[in-house]
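Visitor: Got a minute to go through this one with me? I'd like to ask a few things as they come up.
Guide: Sure, put it on screen and ask away.

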Amino acid sequence: WTIPLCLRDAAGTRYCTMLREPASSIELDKGVCPDWLMPNAGGAGYYRWSLPADQWAGLLAAFDELGDMEALSLVDSAIAAFETGELPPGVLLAVIQRSARHSRREVVMAPLAALARYLEHYLDAGARAALVERVGPSYAATLARARASGEPGEQLLAAQLQDFMSRSLRMPGPRADLARRAAAFTGFEMPRDSGALSSDLYPAALAVAVQDLGVGFTRHLLGWRQTLDDPLFEGASAVALGAATDPESVALVQEKLLGDAFGSREAFDLLHEAMATAPVAPLHWQWIAGHFPAVVDKVPAQWRRRLPMLGDAFCDEDGASAFEALFTEHADLLPGYRRSYEQTRETIALCRALAPQGNSLAAELTSNGAVVASGGARRTRSTP
């Protein structure tokens with residue numbers, strides 16, 4: 001490939017070249033080593049990059065001097081470098097901490113999907129608590145800033161951050177706030193307050209309430225969800241019911257799933273959320289395997305080929321084997337399923353391959369002497 005590349009130093013000087021070979025050199029003006037170099041000036045280059053650890057430190061010290069697109073390039077490249085084993089986990093955590101307080105919503109949000117993936121698969125309760133201690137205050141400060149702003153982008157950021165802090169980081173304060181809002185909005189054990197919950201908080205608030213308020217709220221939501229003439233609420237409430245974690249709620253949702261309580265598209269989204277809910281995923285997989293022909297009939301015909309996506313939360317050998325066995329057995333029920341099946345197999349394989357890096361992050365977070373698992377994903381899913 002031929003790649004246009006531009007660097008920028010602390011003085012604003014740009015150094016540009018066309019990379020035509022696997023390796024190339026650029027001579028800096030006057031032979032002076034700058035305090036830092038941004039390997040993607042203006043964030044305009046279509047490439048990722050990495051640096052030696054000491055040069056990452058210099059660039060991070062100047063994080064606030066970078067343009068918004070440069071900051072996005074830095075976060076994206078840091079995650080990629082970490083996942084290929086080129087970036088120490090401590091540097092990744094420093095990148096996350098700096099991005100968490102950035103003024104631009106896109107920069108704050110940039111590492112959250114990767115962080116959610118690490119939390120789901122590789123970080124146990126101790127590592128999660130250590131992560132909250134490191135980054136929680138920064139996200140809390142940004143959340144307070146976003147809530148105080150009247151700008152639409154900041155309001156969207158506030159909703160996205162509260163979702164992440166509640167569901168991925170599982171921070172008690174944000175979770176309690178969302179559960180309270182969901183109970184008030186739906187009139188659970190209190191008079192209904194229609195202003196308690198905005199639509200951008202439906203997914204997170206309802207899921208947290210289903211998990212934290214237990215089977216009482218689950219029953220309430222199952223009965224109440226279709227009384228509100230709001231398609232966004234109906235869809236979000238269906239997905240939220242898939243997030244149930246106590247066995248009684250799980251059994252209740254499974255009992256209703258194939259009946260008239262849920263539409264066909266709602267059932268598909270609910271099942272995907274259920275399989276992404278770590279503590280009860282084995283229960284749901286066992287149920288799906290035992291009712292698979294009925295599950296296929298429930299899902300819209302044009303979506304049946306996408307059913308293999310239900311396995312994309314697996315991250316261990318047992319889960320991969322169970323996934324392959326189920327869809328091999330029932331391949332005749334799913335015309336056109338093969339592409340989704342192969343993509344999901346790749347997702348599982350990539351998750352398993354990332355385990356060493358995920359475990360290195362857990363070790364960094366719990367380096368005060370806590371025992372850290374190694375040799376595989378920290379949270380696995382297997383079928384009984």
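Visitor: Let's start with a cysteine. Is Cys-6 buried or exposed?
Guide: Keep in mind that this is a predicted model. Cys-6 has a relative accessible area of 18%, and with the cut-off for buried at under 20%, Cys-6 is therefore buried.

Visitor: And which residue is Cys-6 joined to by a disulfide?
Guide: Cys-16, with an S to S distance of 1.9 Å. Cys-6 sits in strand β1 (residues 3-9) and Cys-16 in strand β2 (residues 14-19), so the bond ties together parts that are 10 residues apart in sequence.

Visitor: What's the handedness of the link between Cys-6 and Cys-16?
Guide: Right-handed, with 110° about the S-S bond.

Visitor: How accessible is Cys-16?
Guide: Cys-16 comes out at 47% relative accessibility, so it counts as partly exposed.

Visitor: How many disulfides does the structure hold?
Guide: There are 2. Besides the one at Cys-6, a disulfide joins Cys-315 to Cys-351, with S to S at 1.9 Å. That pair links distant parts of the chain, 36 residues apart: Cys-315 is in the loop between α15 and α16 (317-329), and Cys-351 is in helix α17 (residues 338-353).

Visitor: Why is the disulfide of Cys-315 and Cys-351 called left-handed?
Guide: Because the torsion about its S-S bond is about -100°.

Visitor: Are Cys-315 and Cys-351 buried or exposed?
Guide: Cys-315 counts as buried at 2% relative accessibility. Cys-351 is buried as well, at 9%.

Visitor: What pattern do the disulfides follow?
Guide: Counting bonded cysteines along the chain, it's 1-2, 3-4. Cys-33 is in no disulfide, and the nearest cysteine sulfur, that of Cys-16, is 19 Å away. Cys-33 is also exposed, with a relative accessible area of 69%.

Visitor: While we're at α17, where does Thr-344 sit, and what does it touch?
Guide: Thr-344 is in helix α17. Leaving out residues up to four places away in sequence, Thr-344 touches Pro-308, Met-309, Gly-311, Asp-312 and Phe-323. Thr-344 is buried too, with a relative accessible area of 3%.

Visitor: New topic, cavities. How many of 30 Å³ or more turn up in the whole structure?
Guide: The search finds 1. The largest cavity holds about 30 Å³ of space.

Visitor: Which residues line the largest cavity?
Guide: Val-253, Gln-254, Leu-257, Leu-270, Leu-271, Ala-274, His-284 and Trp-287. Helices α12, α13 and α14 each supply at least two residues of that lining.

Visitor: How does the lining of the largest cavity divide by residue type?
Guide: It has 6 nonpolar residues, 2 polar and no charged.

Visitor: Let's look at α13, then. What's its span?
Guide: Helix α13 (residues 264-275) has 12 residues and reaches 17 Å from its first C-alpha to its last, close to the 16 Å expected at 1.5 Å a residue.

Visitor: Which residues of α13 are buried?
Guide: Glu-266, Ala-267, Phe-268, Leu-270, Leu-271, Ala-274 and Met-275. Leu-270, Leu-271 and Ala-274 also appear in the lining of the largest cavity.

Visitor: And what covers the buried residues of α13?
Guide: The cover includes α11 (231-241), α12 (247-257), α14 (281-290) and α15 (292-298). Two of those, α12 and α14, join α13 in supplying the lining of the largest cavity.

Terms used:
Residues are numbered from 1 along each chain as its sequence is written. This is a predicted model: local features need pLDDT of at least 70, side-chain atom pairs count only at pLDDT 80 or more; totals for chains, interfaces and linings use all residues. Side-chain values use heavy atoms; hydrogens and water are left out. Helices (H or I, at least four residues) and strands (E, at least two) are DSSP runs, numbered from the N terminus. The expected span of a helix is 1.5 Å times one less than its number of residues. Buried means under 20% relative accessible area, exposed over 50%, partly exposed in between (1.4 Å probe, protein chains only). Contact means heavy atoms within 4.5 Å. A disulfide is a pair of cysteine sulfur atoms within 2.5 Å. On a 1 Å grid over the protein atoms alone, a cavity is a set of points where a 1.4 Å probe fits but cannot get out, and a pocket is an open set with protein on both sides within 12 Å along at least five of seven lines; lining residues have an atom within 4 Å of a point. Grid points are joined across faces, edges and corners, and a volume is the space filled by probe spheres set on the points. Ala, Val, Leu, Ile, Met, Phe, Trp, Tyr, Cys and Pro count as nonpolar, Asp, Glu, Lys and Arg as charged, and the others, Gly among them, as polar.
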